[in-house]
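Grab a coffee and work through these short exercises with the model open beside you. Try each task yourself before you read the solution.

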Amino acid sequence: MEPRIVIPIDKQWEFKQADKGDDAYLPVAQFPTNVHLDLLSHNLIPDPYMGKNELDVQWVGEKVWVYHTRFTSPDVTGPKAVIAFDGLDTFATVVLNGKTILESENMFLPERVDVTDVLAKPGGDNELVITFDSAYLRGWKLVEEHPDHKWGCWNGDSSRLAVRKTQYHWGWDWGPTLLSCGPWRPIHLEIYESRLSDLWCDIDVDKSLKGATVVVHAPVEGKASKLRLDISLGESPVASQEIDGDSSATFRISDPELWYPVRYGKQPLYTVKATVVHDGKDVDSITKKIGLRRAELVQRPLKEQPGTSFFFEVNNIPLFCGGSDWIPADNFIPRISKERYYDWVKLVAEGNQFMIRVWGGGIYEEQAFYDACDELGILVWQDFMFGCGNYPAWPELLASIKREAEENVKLLRHHPSIVIWAGNNEDYQYAESVSLEWDQKNTDAESWLKTDFPARYIYEKILPDACRAHCPSVHYHPGSPWGGVDTRDPTVGDIHQWNVWHGSQEKYQNFDKLIGRFVSEFGMEAFPSTKTIDAFLPLGREDPDRYAQSSTVDFHNKADGHERRIALYLVENMRYAPDPLEQFVYCTQLMQAECLASAYRLWKRQWKGPGREYCAGALVWQINDCWPVTSWSICDYYLRPKHAYFTVKREMAPLSVGIARREHHHPDPENKYSRASGATRTQVEVWGSNLTLEDLEVDCLVRAWDVETGEETYAQIVRAGVALPRNQSTEVIAMDVPVREKGKGEEGRTVVAAYLLASSSSSSSLSSSSSSLSSSFSSLGLEDAPTQMGKRQLARYVNWPEPLKYLHLARPKELRAELSRDRKSVALSAEVPVKGVAVESEDDEVRFGDNLVDVVPGETVWIPVRGAAEGTVLATRYLGMI
C-alpha cells in the first residue's frame, strides 16, 4: 500500500461570465478566489469599497460565472481518487472531463467526490469546470416555490433565508451588498487506498486539575493494520500507543499543562498525531493542536436576585468575559490572510478582552482565526450561521443543514478556545417581533415543523444533536439572545441590549438599569479615522464630499436612521459641530468611547463574587468592519483602533476603579409639595473591580478640581486598607461630591478622580515577581507606575459632571504631549482638567498603547507608543478645543 498523495488543484485557473465565449476566459487573481477579486484584478469593475461604486457592481451577483482549469493526473496510481472541495460559494455545478460529478448548494459544506472512474490515466490531461449560478436569483426562485412559508427578516432580503450562503453578502446595517461567488476555499486531488478521515479528542480534565483523560479518535477509511497515536508538548513526547486500525485510544495525563484564557495563565498546546500503519509502512497521518482545559457554563440560582447566573468557568476560575462580537473581516473572504487574522485577534488580546463571539450572519471562520485564538488565549463563542430572520425548513434544506452542522463541528471541535456553540443570532427575537408561533412548553419537535416558525426544529433539534454527537464537552445554547420567558428577560441566559442606539434610545449613563446576566451585544456608532474616510473618497483629502453629512460619507453608513441617532447622542452629551471633519470624527469617537466604557464599568460592578454573579459578561458590537465604513466597530477595516478600544481596554484592566455620580432629591418634610424648599444632594459612589486571582488591600484617594479654573479643591485618602477580594467588584465608599461651599451649585463644575493606591500591607505582594497580580500589572506597562501621596498608583478614573455640554471647559495653555527619549511613551500633562485628550500622528507606523485620556492638574499620564522615530510629530485633540 502506497502513502496517500495530496495534490493541490490551484494552478492555471481562469474565469469568465457564462454567456461569453471561451475566448473571454481570464486568469484568476489568486486561488482560492471569488469573482469580485478576479474582476477587480482585470479592472473590469471599479473598487466596490471606493465612493458609491457598490451600486455599479450589483450586476455581478445576478450573472452566472464559470471557473476552469486543467491539471495532469499524477504518475502514481491508486485504487481510489477523490477531489476534495473545501468550499464552493454557493450554487455550483462541477464537471470533470465532461461528466458532472457534483451539484452543490451550500457554501458551508466541504465536499468529497470519488473521481476514480472519471480521472484521466496517469500523465493524462484533466479538465475541471465549475459553474456558479446566481445565489440571489436562485434564492428568490426558492422563495416563490415555497409561498406557504412566512418569509421575513431584518437586513438584506428574504431571498437570503432560502440560501445556505454567508448572509452578510446580502448587505447588513454595517456592510455593503456584494453577492459574490467562486471557489472560496482550497481544492485538492487525493490518491489513496487508505486514509485518516478525521482526528479528534474527547478531553476530560479532572475537577482537581491534577489529571486529564484524553480519548483520541482517528477513524480510517480503507485498510489499516495498525494506528499509531502520539501526543507531545513542544519537542517533548508525552504519550504514545499503537492500536488496531479504526479504533480509539485512551490516554491518562498526570499534572497536565493546562490551557488558560489570556492573563489567567499560559496557552500550552499539545500536538496529537495519528498515523496509519500498514505492513510496517506509514501511509497517512494527521496532526492537530489541542489544549487541555476544563470549561463550563455555570447557570445556577443567585443570592438576593431572581433568575440564574450565566458565566463561564475555565479551570475552576469564574470569568467576567469582557470581549467583542466578530463579523467577517472583509466582504471578499479569500483575501483575508493568516497574518491578518492573527493581527485582529492580537488586537483583541492586547485590548484586555477575553472573549470573541463569531456572529451567525458570517462564516464558520478559517482555521487561522481559531488558531490565533488558541495561541493568544481568547475564548470563542461560536454561532451557527443563521441570523435575523424566519428560516424555512423543507426536507432537502434540513438535510443540508444537518450535514453543514456536523461537518463544521468536526472541523472546529479540536480548538480549546471554543467554549460555547449557539444556534443563531436573533432569530428567536425576530420570531417574537412578528408574533410567530413559539410555545416553549411544547417539546414535540416534529410539531414545530408545522408551525410558522419551523426553524425552531433546526435550533432545538438538528444543531444540539450534532453538538452532542460530535462535540459533547462544549455547551450548546439555542440562540443568542436566549433565556427566560422571552429573549429580553435580563435574569436568565444572555441578552442583546439595544435600548441604547436602537429601541427606546436610552441615555448611555443608564446602562446600570439595562443590565443582563450576560450581555452578548450592545453598541454605539462612531465615525472611523479620517484616514479611513480619505481612503474611500475617490479624491481623498481633496474630495468635495469630504464632510460629515455628504452623500458619499452617508453611503458608507448602512444603519437605518444613523443621522438622527448619532446626532441625538451627540447633542445630548457634548457641544460639537460637523466642521472641521477631524473634530466631528473625534466627537463621535469620544461619544462612543464614553458610552461603551460606561457599559463595561457599570455591568462589571455587578460581578460581585460567588453567588452574586449578577452580570458576567459584556461583548461589544463589534470589534471589526468588513469594509471602510461608519459603524459600531471599535477598530475600523484597516485595524485602526477608534478611541473606544482604549476606554474598553482600561475598563477591562486587571484592577480598575469606577465612579457613579448620583443626585438625591430630599423634599422638605414640613412642606412635601414645595418646589422652593427641599434639598438636593450629589454623591459619588466609588467601587473597585479586582479581576486578578489575588486578594488585594488598597487605599482609596479622592481628588477634585474646579473644571473652570483648574484649582484643586480636595485631595484626601477617604478609605485606607480597603479589602478588594479576588475576582469581583467591591463597593468602596459613597460620599458627597467634595466642594468648597455647599448649596452654591459647585457640584456641577467639580471634576472628581478616584485612585486606588498600594497600601503598605500590599506593597510586598505587588513587588513580588511570583505574584500573579504583579505580573498582571506588568502586562499593562505599570512597572514604573506613577505615585500619589508617596504610594504606588494602581488604578485611576476621572468622573465629570454630565452632560458634558453644560460644562464651561477651560482651554489649556500648557497641554503637553512629549515623546520620551527612548520613544516608547508619551507624557501628557496640563494645568487645567482636560476631557478626552487624544494623541495623534499622521504616521500609520506609530501605534499607541492607550489614548483618549482625561488629564487633570498635578499629574502626568504616560501613554505607551510603538513605531515612533526621531522625527515623529505628535498632535493632540480634546473636547472643547474648537
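**Exercise 1: a helix and its surroundings**

Seven of the 10 residues of helix 4 (residues 367-376) are buried, so this helix is largely enclosed by the rest of the structure. Keep in mind that you're looking at a predicted model.

Task: find out which residues of helix 4 are buried, and what they pack against.

Solution. Start with the residues themselves: A368, F369, Y370, A372, C373, D374 and L376 of helix 4 are buried. Next, look at the neighbours. Two helices turn up, helix 3 (338-350) and helix 5 (395-412), as packing partners of those buried residues. Strands join in too: strand 23 (321-326), strand 24 (355-358), strand 25 (379-383) and strand 26 (418-422). Finally, step off the end of the helix: G377 follows helix 4 and has a positive phi, near 80°.

**Exercise 2: checking for disulfides**

Task: work out how many disulfides the chain has, then check C373 and C615.

Solution. The cut-off you need is a pair of cysteine sulfur atoms within 2.5 Å. Applying it gives zero disulfides. For C373, the nearest cysteine sulfur belongs to C321 and sits 13 Å away, so by the 2.5 Å cut-off C373 is in no disulfide. For C615, the nearest cysteine sulfur is again that of C321, here 11 Å away, and C615 is in no disulfide either. Now check whether solvent can get at them: C373 is buried, with a relative accessible area of 0%, and C615 is buried with a relative accessible area of 0%.

**Exercise 3: the whole chain**

Task: decide how the chain's radius of gyration compares with what the globule rule gives for 882 residues.

Solution. First, take stock of the parts: the chain has 15 helices and 45 strands. Its radius of gyration is 29 Å, close to the 29 Å that the globule rule gives for 882 residues, so the chain is as compact as a globular protein of that length. For the dimensions, the C-alpha trace spans about 95 × 65 × 65 Å along its principal axes. Then go inside: buried residues account for 60% of the 882. Of the contacts between residues at least 6 apart in sequence, 71% join residues at least 24 apart.

**Exercise 4: surface and charge**

Task: say what share of the exposed area comes from carbon and sulfur atoms, and how far apart the mean charge positions are.

Solution. The chain exposes about 34,000 Å², and carbon and sulfur supply 47% of that. As for charge, count 95 positive and 127 negative; their mean positions lie 4 Å apart.

Note on methods. Residues numbered from 1 in each chain as written. Predicted model: local features only at pLDDT ≥ 70, side-chain atom pairs only at ≥ 80, totals over all residues. Heavy atoms only, no water. Helix = DSSP H or I, 4+ residues; strand = E, 2+ residues; numbered from the N terminus. Rg over C-alpha atoms; globule rule 2.2 N^0.38 Å. Buried < 20%, exposed > 50% of the residue type's maximum accessible area, 1.4 Å probe, protein only. Contact = heavy atoms within 4.5 Å. Areas by Shrake-Rupley, 256 points an atom, 1.4 Å probe, with all protein chains shown as cover. Lys, Arg positive; Asp, Glu negative; His and termini not counted. Charge placed at Lys NZ, Arg CZ, Asp CG, Glu CD.
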